[in-house]
Amino acid sequence: MKNFLFEILIQEMPYKFIDSGLEQLKNAFKVLFNGNNLEYTDIKGYATPRRLAVLITGLSESQKDETKDVKGPILKAAIDNDGKYTMAALGFAKKNGVNEDELYQKDGYIFAKVEKKGRKTKDILEENIEHMVLKLQGPHFMRWSNFDEKFTRPIENVLALYGDEVLDFKIIDKKASNKTKGHRFSKINKIQITNPLDYIEDLKKVNVYADIDERRELIVSSANKMAADNGLKIEFNKLDDLLDEIVYITEYPIPVLCEFNEKYLDIPDIVSTTEMSKNQRYFPLYDIKTNKLSNKFITMANFVGTDEESFNNIKAGNQRVVSARLEDGIFFYNDDVKTPLISKVENLKGMTFQRDLGTLFDKTERIVNISEYLCKELKLSSDKTADIKRAANLCKADLSTKLVFEFTELQGFIGENYALKSGEKENVATAIKEHYFPLNAGSELPTSIEGEIVSIADKIDTISAVFLSTQKDKKKKRPTGSNDPLGVRRAAIGILRIITESGLDIDINNLIDFSVNQIAKEFSLDVENTLKAELSDFIIERLFVMFEDEFDIEILEALRKNCPLSNLKTFKQKCQNLKLEKDTKNFKDFIEQAKRISRITEGIDNTLLEKDINPSNLKSNEEKNLLSAYEAIKSIDSVQDFYPLTPVISEFFEAVLVNDENVEDKNNRLSLLLKLRKKFESFADFTKFKKQ
């Protein structure tokens with residue numbers, strides 16, 4: 001067993017690629033080892049802005065030798081009339097490296113036991129690593145120099161150490177060695193690794209913390225200590241994305257305490273904190289005693305050195321940048337609040353929502369109409385409806401403000417502030433902020449009915465507009481996994497989460513009709529027959545994605561045709577019911593009979609469904625019993641309601657020939673089975689379940 005270390009040193013990578021690239025690289029090694037039957041103990045990954053590294057411990061030095069029974073020619077061709085091996089048999093022996101006397105007979109053929117020598121791990125690694133690295137996928141890959149190969153950024157160095165042996169291969173033009181580089185500003189830049197297990201500690205000597213978790217802990221602990229020493233604190237629970245980014249853009253993180261003029265605390269905190277955390281990658285600091293935002297912040301410098309002048313330069317540069325940005329913020333804010341938020345709605349007429357589908361003012365009017373429609377569907381009070389319509393009318397107004405134009409991340413959040421400044425009700429102001437929620441698939445949802453309704457209205461309008469735009473412009477493609485204009489996949493999941501988690505009784509198919517028809521009427525568009533169905537299928541796919549971790553795909557597919565968007569609460573209840581029952585004997589016995597009925601009635605004329613069945617026309621007790629059992633089912637709340645039918649159906653098939661020569665008897669029986677099939681399908685398509 002040996003340990004293997006691989007590192008590829010690259011010019012600074014986009015931070016969003018680093019985690020993905022490292023996972024791809026680790027998985028590539030796992031696939032290589034599993035595919036070649038190479039055993040290993042563990043695979044660990046390390047990464048910084050400049051390097052991706054993998055450490056494999058306990059890696060076997062070669063594949064295991066194998067002995068296989070190899071099948072040769074048939075006996076008639078392998079042995080002549082004198083009982084001697086023919087040229088075919090001898091050729092088979094020579095091809096497989098065995099002697100004539102090692103051949104043996106089995107099942108009418110000649111066989112040989114062939115030993116296959118396991119390949120050396122070293123050779124397998126040398127042959128495959130370059131291909132594995134160049135197969136990594138990510139955005140904005142590039143070529144450099146005169147090379148045809150693409151990678152995220154130019155490659156500077158390759159390290160490949162197998163035990164104490166350097167592997168012999170290249171990646172593009174970089175030959176593997178046992179050397180690597182440290183931090184760009186380290187006094188000792190180049191370093192030789194002699195033992196793969198010493199990699200992490202050796203890199204620290206050249207000012208690189210390659211362990212991602214260790215680097216994250218260093219950032220958190222050092223920043224927290226600096227903040228606490230100054231009577232301040234950092235709310236890391238609100239800064240997960242920022243912390244991840246800083247982890248991936250530093251190799252040697254050092255905290256630097258900075259400050260800005262206290263006058264900038266007069267503007268809403270959201271302006272200052274957004275500028276610091278989203279745009280400048282600073283940690284905002286709060287007073288430990290009052291929890292109020294302070295005029296200090298911490299930046300994590302990727303810095304090597306201790307001289308005071310360098311620290312002062314870093315501090316001064318960051319303070320200068322944030323002060324300039326906050327000066328803009330306070331100017332725009334003070335100018336925006338001179339007029340009430342409602343006066344800014346008119347400005348949306350000059351802002352395009354989507355080419356050929358009007359302005360943001362047009363979209364706002366549609367959001368108001370959809371919101372009113374939903375209020376009627378949910379039978380909300382007139383006062384609640386009025387507040388919701390007011391929030392819908394104001395929800396996009398802040399997009400025309402100077403502050404949001406400069407700081408786009410503030411949309412909705414600053415709208416809430418401007419609404420309160422303008423004297424709007426608190427629930428209306430909150431809905432303006434929350435109508436953008438959820439901001440991503442797993443983030444927080446609106447907390448109020450006002451926010452929920454306006455959010456759903458905004459999102460369904462966006463989805464409908466995108467689908468209609470593809471109808472109007474045939475060059476555009478309908479949204480798919482890789483083509484997601486205006487984030488409609490996220491919008492669809494947002495609608496589904498709001499409805500399911502809040503328990504709102506909303507028929508999404510009817511909502512689609514209302515939204516699509518509204519846009520079509522406004523812009524004189526003829527809606528293609530398939531468009532609404534495609535839009536519905538698109539949202540159903542998002543529903544399945546949302547539930548795929550909770551429910552098996554066969555459960556979801558069984559319910560696909562049962563209008564899952566008409567009542568999401570009922571849909572989820574059915575999913576839960578099937579999940580609980582799926583592995584029970586009662587369920588398995590029932591679907592066996594249900595699938596049998598589906599097979600027999602496949603392709604049968606559905607006009608037989610309309611046929612009335614008179615019990616007196618049925619000849620056997622089994623037929624009469626089945627009809628009685630069918631008629632006894634008045635309502636279906638769960639799959640258990642079908643279980644009493646199982647033995648009755650089984651007895652029917654044992655005693656009755658469905659395809660009788662008597663046409664009237666045959667049609668009576670098929671009609672009964674079709675009625676049963678329709679009853680089953682009103683709950684689920686049980687043919688989607690695999691053989692139990």
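How much space lies in the largest cavity? In this predicted model, the answer is about 50 Å³. A cavity here is a space where the probe fits but cannot get out, and the count comes to one cavity of 30 Å³ or more. Its lining is made up of A594, S598, R677, F680, E681, A684, D685, F686 and T687. Two helices, α21 (585–601) and α24 (663–681), each supply at least two of these residues, with α24 giving the largest share, three residues. Sorted by class, the lining of this cavity holds four nonpolar, two polar and three charged residues.

Pockets, which are open, come next. The largest pocket encloses about 2000 Å³ of space. It is lined by 50 residues, and those closest to its centre are K278, E409, Q411, F413 and L439. Helix α8 (residues 269–279) provides the largest share of this lining, six residues. The lining of the largest pocket includes 20 nonpolar, 13 polar and 17 charged residues.

The second largest pocket has a volume of about 240 Å³. Around it stand I246, I249, T250, N279, Q280, R281, T299, M300, A301, N302, I314 and N318. Two or more lining residues come from each of α7 (240–249), β16 (293–302) and α9 (308–336). Of the elements involved, strand β16 contributes the largest share, four residues. As for residue classes, five nonpolar and six polar residues line the second largest pocket, together with one that is charged.

Methods. Residues numbered from 1 in each chain as written. Predicted model: local features only at pLDDT ≥ 70, side-chain atom pairs only at ≥ 80, totals over all residues. Heavy atoms only, no water. 1 Å grid on protein atoms, 1.4 Å probe; cavity = no way out; pocket = protein on both sides within 12 Å on 5 of 7 lines; lining within 4 Å. Points joined across faces, edges and corners; volume = space filled by probe spheres on them. Nonpolar A, V, L, I, M, F, W, Y, C, P; charged D, E, K, R; others polar.
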